[in-house]
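Colleague: Could you take me on a close look at how the chains of this assembly meet one another? I'd love one connected account that I can follow with the structure open beside me.

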There are 6 protein chains.
Amino acid sequence: MLSVVSRLSEYDSLRKVYHQKRDGESFPSSEALHEVVNLTRSIIFPGYYGDSSVDLSTLQYYIGVSVDKLTNVLQEQILSGFLFGSSSETEYEQLKLKSKELANRFVANLPSLRDTLVCDVEAAYYGDPAAKSFSEIIFCYPAVKAISNYRIAHELLTYGVPLIPRMITEMAHSETGIDIHPGATIGKYFTIDHGTGVVIGETCIIGEHVKIYQGVTLGAKSFQLDEQGNPVKNIERHPIIEDNVIIYANATILGRITIGRDSVIGGNVCVTSDVSPCTKIVQPHSNL
Amino acid sequence: MLSVVSRLSEYDSLRKVYHQKRDGESFPSSEALHEVVNLTRSIIFPGYYGDSSVDLSTLQYYIGVSVDKLTNVLQEQILSGFLFGSSSETEYEQLKLKSKELANRFVANLPSLRDTLVCDVEAAYYGDPAAKSFSEIIFCYPAVKAISNYRIAHELLTYGVPLIPRMITEMAHSETGIDIHPGATIGKYFTIDHGTGVVIGETCIIGEHVKIYQGVTLGAKSFQLDEQGNPVKNIERHPIIEDNVIIYANATILGRITIGRDSVIGGNVCVTSDVSPCTKIVQPHSNL
Amino acid sequence: MLSVVSRLSEYDSLRKVYHQKRDGESFPSSEALHEVVNLTRSIIFPGYYGDSSVDLSTLQYYIGVSVDKLTNVLQEQILSGFLFGSSSETEYEQLKLKSKELANRFVANLPSLRDTLVCDVEAAYYGDPAAKSFSEIIFCYPAVKAISNYRIAHELLTYGVPLIPRMITEMAHSETGIDIHPGATIGKYFTIDHGTGVVIGETCIIGEHVKIYQGVTLGAKSFQLDEQGNPVKNIERHPIIEDNVIIYANATILGRITIGRDSVIGGNVCVTSDVSPCTKIVQPHSNL
Amino acid sequence: MLSVVSRLSEYDSLRKVYHQKRDGESFPSSEALHEVVNLTRSIIFPGYYGDSSVDLSTLQYYIGVSVDKLTNVLQEQILSGFLFGSSSETEYEQLKLKSKELANRFVANLPSLRDTLVCDVEAAYYGDPAAKSFSEIIFCYPAVKAISNYRIAHELLTYGVPLIPRMITEMAHSETGIDIHPGATIGKYFTIDHGTGVVIGETCIIGEHVKIYQGVTLGAKSFQLDEQGNPVKNIERHPIIEDNVIIYANATILGRITIGRDSVIGGNVCVTSDVSPCTKIVQPHSNL
Amino acid sequence: MLSVVSRLSEYDSLRKVYHQKRDGESFPSSEALHEVVNLTRSIIFPGYYGDSSVDLSTLQYYIGVSVDKLTNVLQEQILSGFLFGSSSETEYEQLKLKSKELANRFVANLPSLRDTLVCDVEAAYYGDPAAKSFSEIIFCYPAVKAISNYRIAHELLTYGVPLIPRMITEMAHSETGIDIHPGATIGKYFTIDHGTGVVIGETCIIGEHVKIYQGVTLGAKSFQLDEQGNPVKNIERHPIIEDNVIIYANATILGRITIGRDSVIGGNVCVTSDVSPCTKIVQPHSNL
Amino acid sequence: MLSVVSRLSEYDSLRKVYHQKRDGESFPSSEALHEVVNLTRSIIFPGYYGDSSVDLSTLQYYIGVSVDKLTNVLQEQILSGFLFGSSSETEYEQLKLKSKELANRFVANLPSLRDTLVCDVEAAYYGDPAAKSFSEIIFCYPAVKAISNYRIAHELLTYGVPLIPRMITEMAHSETGIDIHPGATIGKYFTIDHGTGVVIGETCIIGEHVKIYQGVTLGAKSFQLDEQGNPVKNIERHPIIEDNVIIYANATILGRITIGRDSVIGGNVCVTSDVSPCTKIVQPHSNL
């Protein structure tokens, strides 16, 4: 056993696979990010998430405690995100201050986040004949989980926080099978039905009142390599979906193309070029 | 922070996102429903689920305890399902009695549930060359988890229990990526291979000896809106799949159409109109 | 209740659904296998998985402890895998020795496993413009989780260990939606993007530098039944994918066919016959 | 095994050792009572117990939540205490209302409970040269734990709540070795040093500024039997300790006697008759 | 750090402080012994300990499961007790069989253990005016915990099981402050009031209807050394307490002396020689 | 409820009972100190505490990991101890460095701590005829737990660490009923038999080869008040016990007196003045 341990501990073998924590660095933590998400949900949807025994007379206490805890946990996680990839020792205090400021900014934005999520819940309700009530959607629809994680993550990404947003959407990905990159831009009244297998890429732009079904990919077609053969980062390579578009199950839409407003994309279609507004694309012999 | 807490606690902001629990109401609980599912599995498949040390001489004790606990937990969850959406205070005692009666009815039906699930296990075994034994299927096939949750949930739905059935199938959805609406009607010897991304809609009717693969959608094509623009609920809008049909990976079957018996639907096909019995539908140039 | 318990405890009803543990047998345990996977990850990628406070001066202690624990837990699980399906009492001591030997063999192979996984991480980095760093890929890409579980499981399968390999890949299947059968043969520099819904069958052979997207199935088309109507086991029935192939989202490739090197398979295509090298297959009107 | 189980399940064998729960009865729960004590401590001593991250700006939220939770948990435990020994089915609703009212009464009394406990902390500080600060006493002196449990339990006992008070003092007994019967009456500025082995009986009356050391018993000497040979309950049979008395380690004071104010009882003395005020009782040859 | 780790890992430094586990040896486990005690309590006092929802119609199932689990856990612990101090490799299989046989013997004796403990509960009830009911004594008196652990441990000690009995009484010692050596012999209707600080030595013999109070020691006075200066083991060196004796708080009784039947020993007395029957020993000036 | 929450949140009511944490301060944590103690025990007594599967070939890895973790956890706890009572913001970085240095000093002293504890184990073995082996003493004697916690705490106290030492001895006090102040000075080969109720005060000085029994108090007789009526801290007020003294159960020794070498103090004696060497003090009529 000694020799295996030695070989596994050699610097050369470790070079690409080892993370050296800096002194005082706390690692980004899935557990803490679960708490971030749960606290946010309990603030946005009190009574459904978090302590179910709240009533209107005590609600402010519960929201106050959740907001305070969220601020603290989020601040630590933002900081650990900054430190994860950072190489300089000197900026620790500065990053700590910045993390505190960003956590406060996130918290100040919670009322607006609630407004946006209410619209998403409404879209789910009006788009699904099987939905019995708003309650049922808030309480058990996976799309609400995936979209709320995305909206939290997207907010943090716009602040420039590294890693943490991706971890938050991956948590929803694992739970719901819906993989929305935090970099995507998604309008109001967005809904996903069933959702397993949905992929929405980093540079997607999605309008309002868009509805997509399980297995839909909004992906990239191909991508440029730079002179060293590395993929060029930050190229706009994913689709633009305009308002009121519906995309049926397992459709695959690839590349920086535009699906015009009020269009319908049928199941299992692979679309790789622009679609004019008000168009219906289906497999041969299919009708919707 | 005070002002954010205040805004988040205002009645207007809360109206659509807040659940006010009634006095004495216990909330439907994912944890308790996990226990319902685990107890049911340990009764149906003793030795595989629950305590693995049972032997034939002590089995009756273990089953007796599991049945007793299941009755209690299920009764509470049924009651909390009824209360979740109910608005009247007066019917509490009546709902409590009804919940007890329904929990007992569910338990009395367990031998029959075992018989049905044995058929599903057999279908999985005879339909998968990679399957090594019944044991392997019972112990680690995700389809068995998804189908057993569906059969539990469907039984409860036929009793008129709200919310709880949907929560039970969502638990399997999250674990396996298989989303079967508890309202669907599914015959014996049903099997799903791999299963991630499978969606089976609320009003589907599936015959016996049907086999479907990962990514298959049995969904709705479009749906009616009522005069207020709300989707009309309870319309039959999902496919009917007759006996002995096989549906390959990523096929999408939409609308109240019938796939006739002994038909085969190929991978990635999107079908939106009736298919006669004994028909094979594939993508151009594919053969199965 | 008595009569239900009695009926559920009758031998006839139990015959197909009951696992009788042998004396001294310990059951394969999901919890223990999670530990196997976590320990392996913490040895392969120290600092990312396991205790994040390791530094180069103490690393050997942490790796030493993890290797020792892994050896013990794995040995028990290998043994329980052997016993799960075994019928003879006499071979217990022999299987115990064999399990110990195989656990040691697995551990001795860890440096090589690390080398292979480093290649997979590189492939993910160079194949995804959204990837920010090796760190991000190791720390939060689901493909790394699914592929590392597969490579652990495949190694154990080549030793002839029953059941355990399948349980290990099912754990990744549930977490990531990626279902790779441990029997598949997969070359170096393999990467899966997003991944939900991917299925890779038991007898697949995949070359080097292959990249596949979410929803891709590498499955079987149909299979032979023997004279009793049982599926014939161990037939080569899944595709061969040669080097440098890219397969886009939701493509379905079925049967013992060969996709020649440097080919590209477009989204939502269903392929059921051989594809020559350097070929691009797309849906009509799609271009990649 | 069957016969042992049968014998253990026979009614005759069970008669004296079996608790038959009534329908809807929830059992008094050590876990819930630990929560009652912890919530009370976190309200009385915020920052020391409960969440240590509170600051003055958010304190009201934390206290609000703790008070709300305490009310709910305490109400349930009071109810289960009433039901534990009760035999009539009809009074359930009445006892539920009463429990709610008593839980509210307890909560309304919390400010006064805090005042009393502050006095006890002061007494500990001024009575122990080893004490470094109020903080140290609040945070780690076992006497504070034992006395606060006693004061909580005594309050509930004066409301007529059965069983629960005793369980609360037993929790402190197990943790600290200090056994104060909830029925005892104890004045302000009470302190116990070290405390292991202290016993304070049900009908004790203790004045203000009393200090006792480890191993001190304030017990009963003997007790009357009624005509059936049962001990007569509720007889005043324990000592009265007047103001400013100090009792040294391992002294035993038995019976309804009075230790007059400003007296000192030396270590290991057994006192069974009245002691006049300002008296010092020691073992022969001892001096204090 | 390296040098400290090296010094701490040197064989010489380790010689007296290191336990080398033999292959296959499972270590005696506090957690498992807690389960042994909890299962035994739940069998003896169903409804008070274990699942509180049992009723007479389901009791046999609960007792059946508890008995089966107890048999398994106890068997393992007995075996690990035998192995703990054993030096020979060859007797493993033999010890395993013996452990199984002893666990079965213990279980067969449970009805008799229940009878004995009922007597102890009765003694506590009739001996304590503060006791409100049998229920209260079973449910929250520390003496019942200490005495039941002792009776379990004593039974195992008479079977020749090493270490395990001592661990079981130490668990009660830690929880209640009552330290009864499992080797002591204690008659029926034994009760301890309050109990903290009670010590009952290895070779004590206690009759029936004996009652002792907190802080009482039944200990050894001095002991012989053998020629190497080691204490001679297994000498009868603790008191004999005859029937109907009462011993008050903090009394210390030392050496192989006899306290004759119907005697009363007063508080804080130290007795080191025989006491005739019907004698009352008190401190000067005390009366009881 | 509002008014109670308000009253409890008022600054005046909070003044004496509220701990305001400073920014960045982490609170002393019982849980972390339990880890400190468990890690130390697992280093001192490997195989008995911590992972029981260590063997000589892997021991260095386990000790290495434990030493590394201990250093980290201890450093944090030392820091939080310093911050607990500190009022200045400016010294944070300085205290952090100091804490690290002290944690390293503690770790460097572990081999010596092991040597001392081996002597205590030997003393327990040679002083107790009921002891079967060194193993049994290390594994289950409460005295070993209490004395090892004391020796850890005493070491930290000599470094000037506040609060933490006291918390460590209180943990042992709660578990074993033995209350040793970390300030006491205790020589080698110290043993306590049974131990419940033992109290050893802050300024005690105990020689080598001293043995004490349960219920023994080495306490203070009375203490000076300063001009404000506060007790004068740091006065030498507890006994000096010279080498080879034995003190029997429930003896109480009070004040700065000296018990001369080779003396024996009998059970239940209260001693308040010097005892010459080689003296035996007993209650009248007792003999030892």
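Modeller: Happy to! Let's begin with chain F and chain C: a rotation of 180° with 0.1 Å of shift along its axis lays chain F on chain C, at an RMSD of 0.0 Å. That is how copies about a two-fold axis are related. Please keep in mind throughout that this is a predicted model. To find the rotation axis on your screen, go to F:Tyr61, the residue of chain F that comes closest to it, with its C-alpha at 2.2 Å.

Now look at what the two chains use to touch. Chain F gives 11 residues to the contact, and chain C gives 11 residues as well. The copies meet through the same surface, because 100% of the interface residues of chain F are also interface residues in chain C. Together they bury about 910 Å², and carbon and sulfur atoms give 60% of that area.

As for charges, the count between chain F and chain C is 2 salt bridges. One of them can be picked out by the side chains of C:Lys69 and F:Asp51, with N to O at 3.9 Å. The cut-off for a salt bridge here is 4 Å. There are also 2 residue pairs in polar contact between these chains, counting pairs with both residues at pLDDT 80 or more. Sorted by class, the side of chain F that touches chain C holds 3 nonpolar, 5 polar and 3 charged residues.

Next, turn to chain E and chain D. Here a turn of 120° with a shift of 0.0 Å along the axis lays chain E on chain D, and the RMSD is 0.0 Å. The two copies are thus related as by a three-fold rotation axis. The surfaces they use tell their own story: only 9% of the interface residues of chain E are also interface residues in chain D, so these copies meet through different surfaces.

This contact takes 57 residues from chain E and 52 residues from chain D. The area buried between chain E and chain D is about 4,500 Å², with 59% of it on carbon and sulfur atoms. If you want places to centre your view, try E:Arg114, E:Pro129 and E:Phe139, which lose the most area to chain D within chain E and together make up 14% of what that side buries.

The count of salt bridges between chain E and chain D is 2. In one of them, E:Glu122 pairs with D:Lys16, and the closest N and O atoms are 2.4 Å apart. Polar contacts join 21 residue pairs across this interface, again with both residues at pLDDT 80 or more.

Which elements build the side of chain E that touches chain D? At least two residues each come from α3 (30-44), α4 (59-85), α5 (92-108), α6 (110-126), α7 (134-140), α9 (164-176) and β6 (211-213) of chain E. The largest share, 7 residues, is supplied by α6(E). By class, the residues of this side divide into 30 nonpolar, 18 polar and 9 charged.

It also helps to know where chains stay apart. Chain C and chain D do not touch, and their nearest C-alpha atoms are 15 Å apart. Chain B and chain F likewise have no contact, with their closest C-alpha atoms 15 Å apart.

Before you close the view, have a look inside two of the chains, at their sheets. In chain A, 5 strands form an open sheet with parallel pairing, in the order β1-β4-β7-β10-β13. At its edges stand β1 (179-180) and β13 (270-271), each with a single partner strand, so one side of each has no neighbour in the sheet. Strand β10 (residues 252-254) of chain A runs parallel to β13(A), and 2 bridges join them. In this pairing A:Ile253 stands opposite A:Val271.

In chain B, an open sheet of 4 strands, also with parallel pairing, follows the order β2-β5-β8-β11. The edge positions belong to β2 (185-186) and β11 (258-259) of chain B; each has a single partner strand, so one side of each is left without a neighbour in the sheet. Strand β5 (residues 205-206) and strand β8 (residues 240-241) of chain B run parallel and are joined by 2 bridges. There you will find B:Ile206 opposite B:Ile241 in β8(B).

How values were computed. Residues are numbered from 1 along each chain as its sequence is written. Chains are lettered from A and ligands numbered from 1 in the order in which they are written. This is a predicted model: local features need pLDDT of at least 70, side-chain atom pairs count only at pLDDT 80 or more; totals for chains, interfaces and linings use all residues. Side-chain values use heavy atoms; hydrogens and water are left out. Two strands pair if DSSP finds at least two bridges between them. Contact means heavy atoms within 4.5 Å. Buried area is the accessible area (1.4 Å probe) that two parts lose on being put together, summed over both. A polar contact is a pair of N or O atoms within 3.5 Å; within protein, one must be able to donate a hydrogen and the other to accept it, and residues adjacent in sequence count only if both atoms are side-chain atoms. Ala, Val, Leu, Ile, Met, Phe, Trp, Tyr, Cys and Pro count as nonpolar, Asp, Glu, Lys and Arg as charged, and the others, Gly among them, as polar. Copies are superposed by least squares on the C-alpha atoms of residues with pLDDT of at least 70 in both.
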